[in-house]
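Me: Please take a close look at the ligand site in this model. I would like the contacts, the burial and the make-up of the shell, and then a word on the largest pocket.

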Amino acid sequence: MTTTASITEYAATTRGHLEQPRTGVTALDDASELDRADPLAPFRERFLPIDDPGILAYLDGNSLGRPLRRTAARLTELLTVEWGTRLVRGWSEGWMTEPERLGDRLGAAALGAAPGQTIIADQTTVCLYKAIRAAAAMRPGRREIVTDVHNFPTDRYVVEGIAAELGMAVRWLETDPAAGPTPESVAAAIGPDTALVTLSHVAYSSAFLADMRAITAAVHRVGALVVWDLCHSVGSVDVRLDEAQADFAAGCTYKYLSGGPGAPAFLYVRRAHHGRFHQPIWGWVGRASPFAMADGYRPAEGVRAAASGTPPVVGMTGVADGVELVAEVGISRIRAKAVALTELAVELADAWLAPYGFSLASPRDPAHRGAHVTLAHAEAESLTAKLVKAGVIVDFRPPDGIRIGCSPLSTSYSDLWRAMYRIAELAH
Ligand SMILES: *Cc1c(COP(=O)(O)O)cnc(C)c1O
């Protein structure tokens with residue numbers, strides 16, 4: 001499926017039209033054939049059509065997933081029926097316990113988590129804060145928090161804030177920007193003074209897919225705990241939290257789960273830690289018997305102790321739809337399509353873009369790659385602006401990355417093909 005044919009040769013044969021290339025590279029017809037053979041193609045219909053003729057391809061679902069048709073109906077129903085007629089009675093008729101119910105469904109569909117360990121709450125940033133503080137408190141006397149220099153900014157800031165707050169030190173893992181933390185690099189950075197390690201399972205920039213099981217085992221060998229950020233893996237890769245014996249995990253629901261802008265996050269706490277973890281934001285909803293309005297804070301049982309305030313009922317509506325879709329399709333089929341899409345992106349980037357100063361800033365081996373591909377280019381920022389203007393919605397990540405998100409449920413092979421071709425046209 002690979003070739004060295006450049007886009008110049010390609011364009012010469014097609015006179016600027018999107019037609020068959022001469023040889024080698026996957027052609028538009030072949031991409032359409034992949035769509036016809038794609039068992040996930042029918043699920044694209046579940047998404048609201050993009051009502052903007054200026055958009056050629058949406059390749060930023062890893063920043064904000066496209067909305068589901070069902071969510072439009074469900075939000076209206078919530079407004080008119082559940083909220084509109086049940087009013088405050090809604091709290092005792094299901095809203096109050098929905099964070100755990102939905103957490104369980106999410107755990108089963110996408111996290112490899114048995115029931116009772118996942119709750120929907122807050123934002124990722126707040127969930128990370130709670131999990132990291134709780135983990136630090138479980139390892140008193142140990143002074144170091146380990147994370148990697150290429151972790152998402154909010155993760156790094158939360159770690160720095162907690163270290164400042166608790167008088168701990170941050171130990172920074174220096175990782176390859178086009179890759180991420182390996183079991184070996186983590187093992188080399190941890191020891192008896194490590195309280196916890198926090199890492200992204202799929203790196204937001206490079207899409208590097210970390211070996212959750214081996215890293216978790218390495219961290220446990222020195223007696224430390226691990227907090228995984230799943231923002232870029234939930235709904236795109238087969239996460240196995242229980243199997244990996246992960247301690248804590250958090251992630252957002254508005255990327256591959258299509259929960260909607262600002263939809264609430266989730267927090268996973270391994271059952272073995274229930275009753276022993278203490279998160280720092282003591283609120284009435286995380287208290288045993290919240291409606292007793294009693295004096296003093298006593299944490300609720302189980303993962304409920306991770307909650308703080310009123311459940312985000314409106315925000316959970318879209319999340320529930322995204323979770324149901326993942327459950328219906330199955331995470332292994334979703335992952336298989338993510339691999340196929342990103343392989344196509346890499347193939348076309350090699351063939352058409354490498355001659356114009358682009359290099360792959362994601363792992364070449366799909367076994368180590370999530371559902372996006374990042375291309376490095378010296379003029380990535382201005383190119384991204386041009387691309388967005390030309391209807392190819394991708395995003396820029398400093399210092400020089402163009403991220404191409406391949407949301408498996410909403411992206412077609414021909415979408416991706418057209419977008420890559422447009423990038424090549426703009427670049428040469
Ligand atoms: C998207 C993302 C976040 C976002 O955090 P919010 O609190 O939802 O804004 C955090 N961490 C990673 C790794 C992300 O990719």
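Reply: A polar contact here is a pair of N or O atoms within 3.5 Å. The model is predicted.

Start with the contacts. A polar side-chain atom of Thr 125 sits 2.5 Å from an oxygen atom of the ligand. Tyr 254 also places a polar side-chain atom by a ligand oxygen, at 2.6 Å. For Asp 155, the partner is a nitrogen atom of the ligand, and the distance is 2.9 Å.

Next, burial. The ligand taken alone exposes 390 Å². The protein buries 86% of that.

Now the shell. There are 13 residues around the ligand. Those that come nearest are Thr 125, Asp 155, Asp 229, Tyr 254 and Lys 255. By class, the shell holds 4 nonpolar, 6 polar and 3 charged residues. Two elements give two or more residues to it: α5 (124-137) and α6 (153-166).

Last, the largest pocket, computed over the protein atoms alone. It holds about 300 Å³ of space. Its lining counts 22 residues. Closest to the pocket centre are Pro 67, Ser 258, Gly 259, Gly 260 and Pro 261. Helices α3 (69-86) and α10 (313-329) each supply at least two lining residues. By class, the lining of this pocket has 13 nonpolar, 8 polar and 1 charged residues.

Definitions and conventions: Residues numbered from 1 in each chain as written. Predicted model: local features only at pLDDT ≥ 70, side-chain atom pairs only at ≥ 80, totals over all residues. Heavy atoms only, no water. Near = heavy atom within 4 Å. Polar contact = N/O pair within 3.5 Å; in protein donor to acceptor, adjacent residues only side chain to side chain. Areas by Shrake-Rupley, 256 points an atom, 1.4 Å probe, with all protein chains shown as cover. Helix = DSSP H or I, 4+ residues; strand = E, 2+ residues; numbered from the N terminus. Nonpolar A, V, L, I, M, F, W, Y, C, P; charged D, E, K, R; others polar. 1 Å grid on protein atoms, 1.4 Å probe; cavity = no way out; pocket = protein on both sides within 12 Å on 5 of 7 lines; lining within 4 Å. Points joined across faces, edges and corners; volume = space filled by probe spheres on them.
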